[in-house]
Each structure stands twice: as C-alpha cells, then as structure tokens.
Amino acid sequence: MNTEKNIITGVFRMELSDILPALRILEETGLESWKYTDFETDIQNNNPLLLVGKINSRVVGFCAARLITYYSTTSYTSFNNLAFSECEIYNIAVKREYQKQGIGSSLVDRLISLTKDNNTESIWLEVRSSNKQAISFYQKNDFEKMYERKNFYSKPPENAIVMRKNLRLRFFS
Ligand SMILES: CC(C)(COP(=O)(O)OP(=O)(O)OC[C@H]1O[C@@H](n2cnc3c(N)ncnc32)[C@H](O)[C@@H]1OP(=O)(O)O)[C@@H](O)C(=O)NCCC(=O)NCCS
C-alpha cells in the first residue's frame, strides 16, 4: 500500500454504495453503460466479478464481468456433462486522473485470479475500433484481437473489435 504514489489501495468486490461512483466514472469516460439496476441486480445475485479499485476508500475504477458456464451435450461418454466457463468483460473504466497508474491492470489481474477455480478457458470483450487507448491496454494485458463485428455499436455506429485472453496455458503452469 502506497497512497503517496497513488498506487491502488486495493481491489474489492463492488457493494451497493459503490454503484453511484462507478456510474460517475462511466459518464466521465463516455462509455455505453450499465444502468444502476444492472449493477444492483448483479450485486444482489452475488456476482463475484463486479470489482472496484479504491484509493483511500474512494472508488477510482471498476470492472464488470460475468462468467458463462457451458455444459457439453456431446454423446461421447468421456465428454458428457463436461463443464467449462468463459468470462466476459462488459465494462472496465478508470477515472481519467488515475489512468496509466496500473489500476486497470490490477482489476484484470484480480478478475483472472477469481476465475481460477471455474475451469475458465478465456476472457472475452468487445471494444470500439476507434478506442486505441483501451485496445492498447488490453494488448498490454495479453488480450489478442480475434475478429471484428460490423456496426456492433450505435450512437455513433461503429465496428467492435472482439478480443480474447486465453487462460488455458495457466492450467499447465
Ligand atoms: C482502458 C482503461 C480501463 C485502462 O486503465 P488504466 O488504469 O489506465 O490502465 P493501466 O495503467 O493498467 O495500463 C496502462 C496502459 O493502458 C493504455 N492506456 C491507459 N491510459 C491511456 C491513455 N490515456 N492514453 C493511451 N494509452 C493509455 C496504455 O497501453 C498504457 O500502457 P503505457 O502506460 O505503457 O502506455 C482506462 O484507460 C479507461 O478507463 N479508459 C476509458 C474507458 C474505456 O475505454 N474502457 C474500455 C471499454 S472496452
């Protein structure tokens, strides 16, 4: 912990009292966003992948992700009922004055460690093709560009770059 250098004080699970500060960050960073009730529902549903970064108890960043679990329905006996998960990041944002200080990366690191017990294969996300800052951030955190979705976004219309971080390799380490 080193607050003098503005190093993140911690990453925590989002609580109801963190929703308004998170919404303010969304507004400030101009993201298409979750509404209050989206955060509220996930917190009430006990989603562990709703995280906030705090400095001196002040919310300076957040990450909203969900785990999607798949069950194999293949008829091959050995694979029957095999379950695996994918993680999807819906939103991640850091207050402008705190950007480029490692807070976004700390949120992603925590997300990865939280998915460890769920046989999670990869983390996926979509990002506006013009959002060079975020694309650079994801690449720094070992996400790869996979493909593009035409006109995925509206207001303004824009393609989405779909990115993925493969988590499989960690199973062998
Ligand atoms: C993307 C974001 C969450 C990254 O958070 P962060 O705390 O700044 O990220 P970190 O400090 O861990 O990582 C820094 C890296 O992110 C990228 N980055 C972050 N801020 C940047 C900026 N203002 N300009 C250019 N690149 C930037 C760079 O790759 C940077 O690496 P560098 O310092 O070596 O240049 C943050 O920039 C943000 O909130 N952006 C606006 C919201 C957004 O676009 N979210 C993604 C939606 S898909």
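Student: Which strands does helix 3 lie across, and at what angle does helix 3 run to strand 3?

Tutor: In this predicted model, helix 3 lies across strand 1, strand 2, strand 3, strand 4 and strand 5. Its direction makes an angle of about 30° with that of strand 3.

Student: How many helices and strands does the protein chain have, and what pattern does the chain follow along the sequence?

Tutor: The chain has four helices and seven strands. Read along the sequence, the pattern is β-α-α-β-β-β-α-β-α-β-β.

Student: In what order do the seven strands lie in the open sheet, and what is the pairing called?

Tutor: The order is 1-2-3-4-5-7-6, and the pairing is mixed. Both kinds of pairing can be found in the sheet: strand 4 and strand 5 run parallel, whereas strand 2 and strand 3 run antiparallel, as do strand 3 and strand 4. From one strand to the next, the twist averages 25°.

Student: Which strands are called edge strands, and what makes them so?

Tutor: They are strand 1 (10-13) and strand 6 (144-153), each of which pairs on one side only.

Student: How do you know that strand 3 and strand 4 count as a pair?

Tutor: A pair requires at least two bridges. Eleven bridges join strand 3 to strand 4, and the two strands therefore count as a pair. Among the partners, tyrosine 70 is matched with phenylalanine 84, and tyrosine 71 with alanine 83.

Student: What makes strand 2 and strand 3 a pair, and what makes strand 4 and strand 5 one?

Tutor: The requirement of at least two bridges is applied again. Six bridges join strand 2 to strand 3, with leucine 50 and alanine 64 as one of the partnerships. Four bridges join strand 4 to strand 5; here glutamate 88 has tryptophan 124 as its bridge partner, and glutamate 86 stands opposite serine 122. Both pairs of strands therefore satisfy the definition.

Student: Is serine 57 called buried or exposed, and why?

Tutor: A residue is exposed if 12 or fewer other C-beta atoms lie within 10 Å of its own. Serine 57 has 8 such atoms, and therefore it is exposed. This residue is found in the loop between strand 2 and strand 3. Serine 57 also has a positive phi of about 70°, although it is not a glycine. In the same hairpin, which has two residues between the strands, asparagine 56 takes a positive phi near 50°.

Student: Why does lysine 155 receive its class, buried or exposed?

Tutor: The cut-off for exposed is again 12 or fewer. Lysine 155 has 6 other C-beta atoms within 10 Å, so it counts as exposed. Its place is in the loop between strand 6 and strand 7. Phi of lysine 155 is near 50°, a positive value in a residue other than glycine. The peptide bond from lysine 155 to proline 156 is cis, with omega near -5°.

Student: Why does alanine 134 count as buried?

Tutor: The cut-off for buried is 20 or more other C-beta atoms within 10 Å. Alanine 134 has 20 such neighbours, so it meets the requirement. Its place is in helix 4. Over the protein chain, buried residues make up 24% of the 173 residues.

Student: Which residues touch the most other members of the largest nonpolar core?

Tutor: Of its 34 residues, these are Ala22, Leu51, Phe62, Cys63, Leu107 and Leu111. Strand 3 gives the most to this core, with six residues. In soluble globular proteins, nonpolar side chains tend to be buried together.

Student: With which residues is leucine 107 in contact, its neighbours within four places in sequence being left aside?

Tutor: They are Val11, Leu51, Gly53, Gly61, Cys63 and Ile92. Each is counted because the C-beta atoms of the two residues lie within 7 Å.

Student: Which residues around the ligand come nearest, and which helix supplies the largest share of the shell?

Tutor: Of the 19 residues around the ligand, Gln99, Gly104, Ser105, Ser136 and Phe137 come nearest. Helix 4 supplies the largest share, five residues. By class, the shell has eight nonpolar, nine polar and two charged residues.

Methods
Residues numbered from 1 in each chain as written. Predicted model: local features only at pLDDT ≥ 70, side-chain atom pairs only at ≥ 80, totals over all residues. Near = placed C-beta within 6 Å. Nonpolar A, V, L, I, M, F, W, Y, C, P; charged D, E, K, R; others polar. Core = buried A, V, L, I, M, F, W, Y, C linked by C-beta atoms within 7 Å. Axes fitted to C-alpha atoms, helices over the stretch in contact; angles between N-to-C directions.
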